[in-house]
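Visitor: I would like to learn how the labels used for a protein model are justified. Could you take me through some of them?

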Amino acid sequence: MTLEHAIQEALSRSELPLKAAEIVKLVKPAVGRAATPKAVAAVLEALSASGALNCIAAGTRSKPLPLYTPHSLETATEAFLKHWVHAAGKEQQVVKLKAKLSAGLQPCFEPALDRLVAAGAAFVLPGANPLVFAHKPQPSALLDATLRRSLQKVLLRVNAVRTSPASLDDLIAWLDAAPSAPPVETICAPEAADLRAWYDLDRIRSSSVMIPIPQTFARYQAWAAERGGVADSQVLRNLIETLYINGHLLLEPCERPQDLPDHERALLVPMSLGPPGYSWCWIS
């Protein structure tokens with residue numbers, strides 16, 4: 001393996017840009033004595049000049065410290081931010097985090113931070129002085145000593161009129177409690193006998209033997225609610241279609257289904273020929 005290939009391979013494996021001295025240590029096992037600081041520096045300079053590597057000017061004017069990476073400046077910025085945020089072990093101020101970047105990377109700061117947040121690799125707490133966390137903190141983690149003392153004073157005041165005094169631990173548990181999941185609604189599925197009973201009720205009050213399916217669906221909704229569940233238009237539609245196919249009921253087509261509202265159009269039952277069925281009756 002040539003020195004150039006060894007350098008490119010070492011840098012491609014590193015998310016973070018590296019100093020020349022770090023690169024020397026990484027490539028020495030592969031190329032041995034050829035990995036001298038002078039030789040590595042020459043290859044890095046040539047690769048940077050050709051555009052194969054990005055050279056990031058870090059350090060200070062008096063002590064420049066070039067860093068090398070095959071990745072884009074945006075990707076390098078994102079890698080730096082992720083490393084600093086996760087290695088710190090505590091929240092970082094946005095303004096100080098940006099100041100740690102070299103001048104060439106600072107224009108990439110906001111987009112890189114946005115990508116980390118979108119990927120779930122960072123969390124930004126907004127405010128006058130925004131803070132960056134490695135992960136979204138629990139609400140109680142944001143309570144410093146001053147805020148806790150303030151809450152203790154609030155509790156001392158309100159507990160004087162509460163039936164059951166609350167403690168700071170109770171308040172913190174309430175702050176950190178995850179919202180309960182909404183109850184899962186149960187879909188009630190009627191049978192042919194239920195459909196026949198609804199038909200008989202509507203037939204008494206109708207001048208026609210054909211009952212609109214939306215009217216039957218209203219019966220189904222009331223029936224499901226009595227059982228603590230909900231109605232599903234597809235369930236009713238499938239039941240009517242099955243009974244129609246098996247010859248137990250007749251369907252009357254809807255000539256202009258496009259004129260119906262969406263909730264009624266969802267109840268139309270396909271027929272063997274022509275438009276879908278809108279009204280139905282039992283075959284006596």
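**Reasons behind the labels**

Guide: Start with the sheet in this predicted model. It is open, has three strands in the order β4-β6-β5, and its pairing is antiparallel.

Visitor: What makes β4 and β5 edge strands?

Guide: Count partners. β4 (92-93) and β5 (123-125) each have a single partner strand, so one side of each has no neighbour in the sheet.

Visitor: How do you know that β5 and β6 pair?

Guide: Pairing takes at least two bridges between two strands. Three bridges join β5 to β6 (residues 131-133), and these strands run antiparallel. One bridge partner is easy to find: Val-124 is matched with Val-132 in β6.

Visitor: Now the helices. What describes a packed pair?

Guide: Two things do: the angle between the axes and the distance between them. For α9 (residues 192-204) and α10 (residues 213-226), the angle is about 120 degrees and the axes are 10 Å apart.

Visitor: Why is α9 called oblique to α10?

Guide: Check the ranges. Roughly perpendicular covers 65 to 115 degrees, and roughly antiparallel means over 145. The angle here is about 120 degrees. That fits neither range, so α9 is oblique to α10. The crossing of these two helices is right-handed.

Visitor: Which residues make the contact between α9 and α10?

Guide: From α9 come Asp-194, Leu-195, Trp-198, Leu-201 and Asp-202. From α10 come Gln-215, Thr-216, Arg-219, Tyr-220 and Trp-223. By class, the contact has five nonpolar, two polar and three charged residues.

Visitor: Take Asp-202 in helix α9. Why is Asp-202 called buried?

Guide: Buried means under 20% relative accessible area. Asp-202 has 5%, so Asp-202 counts as buried.

Visitor: What does Asp-202 touch, leaving aside neighbours within four places in sequence?

Guide: Asp-202 is in contact with Ile-211, Gln-215 and Arg-219. Gln-215 and Arg-219 also appear on the α10 side of the helix contact.

Visitor: And Phe-217, in helix α10: is this residue buried or exposed?

Guide: Use the cut-off again. Phe-217 has 15% relative accessibility, and buried means under 20%, so Phe-217 is buried.

Visitor: What surrounds Phe-217, not counting residues up to four places away in sequence?

Guide: Phe-217 touches Ala-231, Asp-232, Ser-233, Leu-236 and Leu-267. Look at Asp-232. Phe-217 and Asp-232 are 15 residues apart along the chain, and their C-alpha atoms are separated by 8.7 Å.

Definitions and conventions:
Residues are numbered from 1 along each chain as its sequence is written. This is a predicted model: local features need pLDDT of at least 70, side-chain atom pairs count only at pLDDT 80 or more; totals for chains, interfaces and linings use all residues. Side-chain values use heavy atoms; hydrogens and water are left out. Helices (H or I, at least four residues) and strands (E, at least two) are DSSP runs, numbered from the N terminus. Axes are lines fitted to C-alpha atoms, for helices over the stretch in contact, and angles run from 0 to 180 degrees between N-to-C directions. Angles under 35 degrees count as roughly parallel, over 145 as roughly antiparallel, 65 to 115 as roughly perpendicular and the rest as oblique. A crossing is left-handed if the near helix is turned anticlockwise from the far one by less than a right angle, and right-handed if clockwise. Contact means heavy atoms within 4.5 Å. Ala, Val, Leu, Ile, Met, Phe, Trp, Tyr, Cys and Pro count as nonpolar, Asp, Glu, Lys and Arg as charged, and the others, Gly among them, as polar. Buried means under 20% relative accessible area, exposed over 50%, partly exposed in between (1.4 Å probe, protein chains only).
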